[in-house]
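Reader: I have a protein model open in front of me. Could you show me how to read it, step by step?

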Amino acid sequence: MLTKGYNTIKTISEGNFSIHKVFLDGLLQVSPGVRKYKKVADIIKYQLQLVKTVKPAIPKFRATGLFNETELNYMAKVYGDLFNRSFQQLEALAMVITAGNLRMSDDERLKAIDRIYFNISDQLAFLHSFNTENNILAIQRGRVMVDTKLSKRLSGL
């Protein structure tokens, strides 16, 4: 009787474990709905925009001759940090949408994708703002340089 009771409990616990294993293994899978979530494509698109914007920035600002090395080094650091953080966001996305990496429900995966989307959107907005400020500064410095040259010519210097 003791052996029969033990076997019954053992069978029930193994069955319970099997149910949990099936549930946990299911969390490792990524549903097609999550993989096709619009923000996944947007994150990748924003990453490409960021890379295409960052890559030519320093050579462009250097070519103007309106920024000193300290300013250019600062810009390079900002662009480098943005570039690195954007790749971290892309790696996080890959972890979330690749089956077998994380045990998450679809809802948790969608929330994670939303966070990644917010972060990359914020980085892209900052990049556009940073570039706009640098372009305005370059225009202002260019005007001052032209005005100074014109003033010197008019003064006969």
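**Reading a predicted model**

Author: Happily! Start with the secondary structure: this protein has six helices and zero strands, in the order α-α-α-α-α-α along the sequence. Keep in mind that the model is predicted.

Reader: What is the mean pLDDT of the protein, and which helix has the lowest?

Author: Start with a general rule: where pLDDT is low, the predicted coordinates should not be read in detail. Here the mean is 83, with 82% of residues at 70 or more. Helix α1 (residues 2–28) has the lowest mean among the elements, 48, while helix α4 (residues 57–64) has the highest, 94. Over residues 12–26 the pLDDT is below 50, and beyond near neighbours in sequence that stretch has two contacts in the model.

Reader: Let's try one helix. How many residues does α3 have, and how far does it reach?

Author: Helix α3 (residues 38–54) has 17 residues and reaches 24 Å from its first C-alpha to its last, close to the expected 24 Å.

Reader: Which residues of α3 are buried?

Author: A residue counts as buried when its relative accessible area is under 20%. In α3 these are V40, D42, I43, Y46, Q47, L50 and V54. They lie on the same side of α3, because they cover an arc of only 160 degrees around the axis. On the other side, K38 and K52 are exposed.

Reader: What covers the buried residues of α3?

Author: The cover includes α2 (32–35), α4, α5 (69–97) and α6 (106–155). Now step back to the whole protein: buried residues make up 25% of its 157 residues.

Conventions: Residues are numbered from 1 along each chain as its sequence is written. This is a predicted model: local features need pLDDT of at least 70, side-chain atom pairs count only at pLDDT 80 or more; totals for chains, interfaces and linings use all residues. Side-chain values use heavy atoms; hydrogens and water are left out. Helices (H or I, at least four residues) and strands (E, at least two) are DSSP runs, numbered from the N terminus. Buried means under 20% relative accessible area, exposed over 50%, partly exposed in between (1.4 Å probe, protein chains only). pLDDT is the predictor's confidence in each residue, from 0 to 100. Contact means heavy atoms within 4.5 Å. The expected span of a helix is 1.5 Å times one less than its number of residues. The arc is that of the directions from the helix axis to the C-beta atoms.
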